[in-house]
Amino acid sequence: GEKVSEKLVECSDPNRDFPCPPSLKVPIVDFKPESTVKRIRRPVHLLDKEYQDKYKKAIRKMKDLEPSNPLSFAAQAAIHESYCDGHYRYDPTEKNRPFDVHFSWIFAPWHRMYIYFYEKALGDLVGDDTFALPYWNWDSPEGMGIPAIFKDPNDDNPLYDPNRDMTHRDALIDLDYLHADKSVGPIPFVKTPATAAAYDAAVNKNLATIYQQQIRGGRGPRAFLGEKLCSEASFRVKEINERSKRRQNGKQIKTDSSQSQGTLERMAHTAVHVWVGRQKPKTGCTLADGVLGHDGQPHCAYDMGFLGTAGRDPLFYSHHSNVDRMWHLWSTKLGNEGFTDTEWLDASFVFYDNYKEPRLVRIKFRDVLDARNLGYTYDAESEASLPWINSKP
Ligand code: C2O
């Protein structure tokens, strides 16, 4: 409901080796819509050298801020972590449930807000208020691999992260990776005569996945954006997971942690996380190797591969810029409308703004339904020729 983030119990957890985001006692101001659209988000793989350098410089500066600064890269990653890994408890009187910005209708608007303030901070850091967060264009064949500027390990590249699955470094992405046959190795991103048939089939399959996510399976806000927070479906997820854990000896039980997620969150978004992140074999995984999840178990996945740590990889934010673009296209080009419940429209969160003199901005879901209110949009060129628009499976 309203002012969700102010009702949450303060972040704290002595069992963790990473900090909670800074909680500064600073004034809270209400969000004011931006008056002009001055930031145009473009595909990462099409950035010119100058823009690439600006992106790197901005991230470098953000990484150089003190972690106690809420606009530092470390603090930004911790914000995501705390909102998805049980640092906060929702409604402590009622079962002390962990609060999460995933698995419900909060997913799309919360992440839009989060990367909006991140983008603005990057612009501030390089003194350019037209700086727009480039997006990883994984819905287009030219973007179906990790963008080159994120892969370069040299020269202290601030966009590089060693905690990725290196077998996917130069591979073609699988946007349906969760259902993929993992015994078949990845197809190289660069097409050759020898791989042409497999490559074409994989690209077409990716395009069909996006068609399914955006069009065929994404009709209506519940299907696309997810179920209401605290809906029966969102609680069922936990019960199913617990039940399947109990029965794991012997029989294979299919778990479904996805029923409360919309296609926007459940499909390409999740596949990209798991495909990029570094995983360790489940057996023998200890806390020293991984992170503690809110199920109380150590998770031996790193950075993008686990929601709790995903924000530590700079690629996360360009990934989410494209997830956000998928929502934008769904609402604009594809003509869909979000929820009309005031419970959703008036839900609000607070985010830090202004790295020089941090303050908190309270922003409502209704403020972010139209990207123009946030002063950004996506490039018209890629919208004019969406490669998946007719990719009926
Ligand atoms: Cu908050 Cu892609 O996750």
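**Working through a hairpin and its core**

In the hairpin of β9 and β10, five residues sit between the strands, and Asn354 there takes a positive phi near 70°. This is a predicted model, where local features need pLDDT of at least 70, side-chain atom pairs count only at pLDDT 80 or more, and totals for chains, interfaces and linings use all residues. Numbering starts from 1 along each chain as its sequence is written.

**Exercise 1.** Work out which way β9 and β10 run, and how many bridges join them.

*Solution.* Start with the vocabulary: strands (E, at least two residues) and helices (H or I, at least four) are DSSP runs, numbered from the N terminus. Two strands pair if DSSP finds at least two bridges between them. Next, find β9 at residues 348-353; six bridges tie it to β10, and the two run antiparallel. For a landmark, look at Phe349, which stands opposite Ile363 in β10. Then check β10 (residues 359-364) against β1 (residues 28-30): these two pair in the parallel sense over three bridges. Here Ile28 has Leu360 as its bridge partner in β10.

**Exercise 2.** Decide whether Val368 is buried or exposed, and list its contacts.

*Solution.* First, place Val368: it's in the loop between β10 and β11 (376-378). Now the cut-offs: with C-beta atoms placed from the backbone, a residue is buried if 20 or more other C-beta atoms lie within 10 Å of its own, exposed if 12 or fewer, and partly exposed in between. Val368 is buried because 22 other C-beta atoms lie within 10 Å. For contacts, the C-beta atoms, again placed from the backbone, must lie within 7 Å. Skip neighbours within four places in sequence, and Val368 touches Pro109, Arg112, Met113, Ile363, Asn373 and Leu374.

**Exercise 3.** Find the residues with the most contacts inside the largest nonpolar core, and the helix that gives the most to this core.

*Solution.* A nonpolar core is a set of buried Ala, Val, Leu, Ile, Met, Phe, Trp, Tyr and Cys residues joined through C-beta atoms within 7 Å. The largest one has 86 residues, and Met113, Phe117 and Phe351 have the most contacts inside it. Helix α4 (residues 107-125) gives the most, with twelve residues. Now zoom in on Phe117: leaving out neighbours within four places in sequence, it contacts Phe351, Tyr352 and Asp353.

**Exercise 4.** Spot the stretch where pLDDT is below 50.

*Solution.* pLDDT is the predictor's confidence in each residue, from 0 to 100. The chain averages 87, and 79% of the residues score at least 70. Residues 244-255 are the stretch below 50, with six contacts beyond near neighbours in sequence. Where pLDDT is low, don't read the predicted coordinates in detail.

Methods:
Contact = placed C-beta atoms within 7 Å.
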